[in-house]
Amino acid sequence: MSKKYFIIILLFIFDSSLAENLNYKGLEKLSKNNTFMDNKGKSYSIDSIDNKKDVLLIIHNHGSDNDLVKDKCQRSPKFGYTWNGAVVPAILSLHNKKINNLTIKIYRVCSGVKGISLKTMKKYRNQIKKNGKIELADEYKNIKRQKIILSEVKKFKSMGFENIVLAGYSAGGWASLNLQSRFPDIVKGAIAINPAFAGKKKQWQKKYPEWGAFRELQIDIFEKSESLDAIIFVHDKDKFEDSETLSFFSKFKGTNLINYSDLKPSSCNWADVNKKMPSHEGHNIPQSSCFTKYINEKNYFINFLERIF
């Protein structure tokens with residue numbers, strides 16, 4: 001049984017009122033790469049969108065590297081290059097689709113500022129060793145990203161976009177779920193693909209207990225909500241989170257937890273080379289056309305969005 005940690009949460013960490021006053025280093029530069037994207041991953045201007053009330057806006061959130069570095073989020077990443085901030089191709093395939101008279105538009109947010117330092121991580125590790133608990137007084141990367149994404153949601157809401165869904169891959173998926181659970185009035189739903197943020201399982205479960213504690217904190221936030229309007233995709237060959245570690249999501253009303261482990265990594269090509277993935281690369285499947293085919297054949301995204309709207 002994994003060790004439980006009693007976590008003292010300083011409320012300002014999650015104070016949404018800070019969302020509009022973000023001065024994170026590097027954010028201004030990153031934000032210049034935020035853009036609407038079509039089904040080919042090509043950027044286009046908001047000026048081409050006439051009636052915002054008739055739009056179903058999907059805000060896509062990329063995965064993350066570790067807290068010590070800024071995440072790559074290129075202005076025009078190559079198709080499927082999720083490690084450079086590309087939108088998951090299966091999400092792009094929704095561009096201009098109709099959901100009950102709403103037209104889907106995709107907006108990609110770059111939010112991967114640096115998180116906490118190695119020194120700060122060690123501080124929390126020592127707290128656990130000494131006290132069996134942590135007193136969280138810092139913002140690790142996923143907390144910062146949640147605030148940045150929330151700020152974007154509020155911006156679009158003020159511009160007249162009334163139907164907003166968050167979507168994300170890996171750490172972006174986790175952030176999307178967190179925000180939907182806390183702000184259901186403005187975030188109508190979440191699409192989370194291989195959600196994770198605390199590192200590889202063997203790291204947060206044992207080697208770096210501070211990340212296991214941060215993860216417990218996040219789960220505690222989820223459990224404060226009775227419902228979660230989300231569709232979540234998990235894979236048992238994922239080194240970060242799998243169907244067992246994410247099984248707690250199944251208890252929430254409105255959540256559809258999809259285990260897509262029947263789609264083997266070895267049947268999918270990498271986005272950048274015509275080569276099959278190794279059998280243990282379940283976390284990387286979403287970059288491949290095999291995932292898009294899998295999603296569209298089963299109509300997962302459309303069915304989920306039609307239920308909400």
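A salt bridge is taken here as a side-chain nitrogen of Lys or Arg within 4 Å of a carboxyl oxygen of Asp or Glu. Side chains of opposite charge can pair when their charged atoms come close. The structure shown is a predicted model, in which local features need pLDDT of at least 70, side-chain atom pairs count only at pLDDT 80 or more, and totals for chains, interfaces and linings use all residues. Residues are numbered from 1 along each chain as its sequence is written, and side-chain values use heavy atoms, with hydrogens and water left out.

A search of the whole structure finds 10 salt bridges, and three pairs serve as a friendly way in. In one of them, the side chains of R307 and D229 meet with an N to O distance of 3.6 Å. This pair links distant parts of the chain, since R307 sits in helix α9 (residues 300-308) and D229 in strand β10, 78 residues apart. Helices (H or I, at least four residues) and strands (E, at least two) are DSSP runs, numbered from the N terminus. R307 counts as partly exposed, at 47% relative accessibility, and D229 is also partly exposed, with a relative accessible area of 26%. On this scale, buried means under 20% relative accessible area, exposed means over 50%, and partly exposed lies in between (1.4 Å probe, protein chains only).

Another salt bridge joins the side chains of K141 and D71, at 2.7 Å from N to O. Here too the pair links distant parts of the chain: K141 belongs to helix α4 and D71 to the loop between β4 and α2, 70 residues apart. Both K141 and D71 are buried. A further salt bridge brings together the side chains of R125 and E210, with 2.8 Å between N and O. Because R125 lies in helix α3 and E210 in helix α7, this pair ties together parts that are 85 residues apart in sequence. R125 is buried at a relative accessible area of 16%, and E210 counts as buried at 0% relative accessibility.

Helix α7 (209-222), the home of E210, is mostly covered, with 12 of its 14 residues buried. Among these buried residues are P209, W211, F214, R215 and F222. The end C-alpha atoms of α7 are 20 Å apart, which agrees with the 20 Å that its 14 residues should span at 1.5 Å a residue. The expected span of a helix is 1.5 Å times one less than its number of residues.

Helix α5 (residues 171-182) can be described in similar terms. Its 12 residues reach 17 Å from the first C-alpha to the last, close to the 16 Å expected. Since 11 of the 12 residues of α5 are buried, this helix is largely enclosed by the rest of the structure. The buried residues include W174, N178 and Q180. What covers them includes α4 (141-158), β8 (163-169), β9 (189-193), α7 and β10 (227-234), where contact means heavy atoms within 4.5 Å.

W174 appears again in the surroundings of E241, a residue whose contacts also include P195, K201, W204, R215 and H235, not counting residues up to four places away in sequence. E241 lies in the loop between β10 and β11 (253-259) and is buried, with a relative accessible area of 2%. Its side chain makes a polar contact of 2.7 Å with the side chain of R215, while a polar contact of 2.6 Å joins the side chains of E241 and T245. A polar contact is a pair of N or O atoms within 3.5 Å; within protein, one must be able to donate a hydrogen and the other to accept it, and residues adjacent in sequence count only if both atoms are side-chain atoms. E241 and G199 are 42 residues apart in sequence, with 8.7 Å between their C-alpha atoms.

The last region to visit includes part of the surface. N66 is found in the loop between β4 (55-61) and α2 (89-92) and is partly exposed, with a relative accessible area of 40%. A polar atom of the N66 side chain lies 2.8 Å from the backbone nitrogen of L68. The C-alpha atoms of N66 and A198 are separated by 8.7 Å, although these residues are 132 residues apart along the chain. L68 itself joins V69 and L118 in a nonpolar surface patch with about 220 Å² of accessible area together. Patches are made of residues with over 30% relative accessible area and no salt bridge, with like charges joined within 9 Å and nonpolar side chains (Val, Leu, Ile, Met, Phe, Trp, Tyr) within 5 Å. Accessible areas come from the Shrake-Rupley method with a 1.4 Å probe, and for residues only the protein chains shown count as cover. L118 is in helix α3 (residues 118-131) and counts as partly exposed at 43% relative accessibility.
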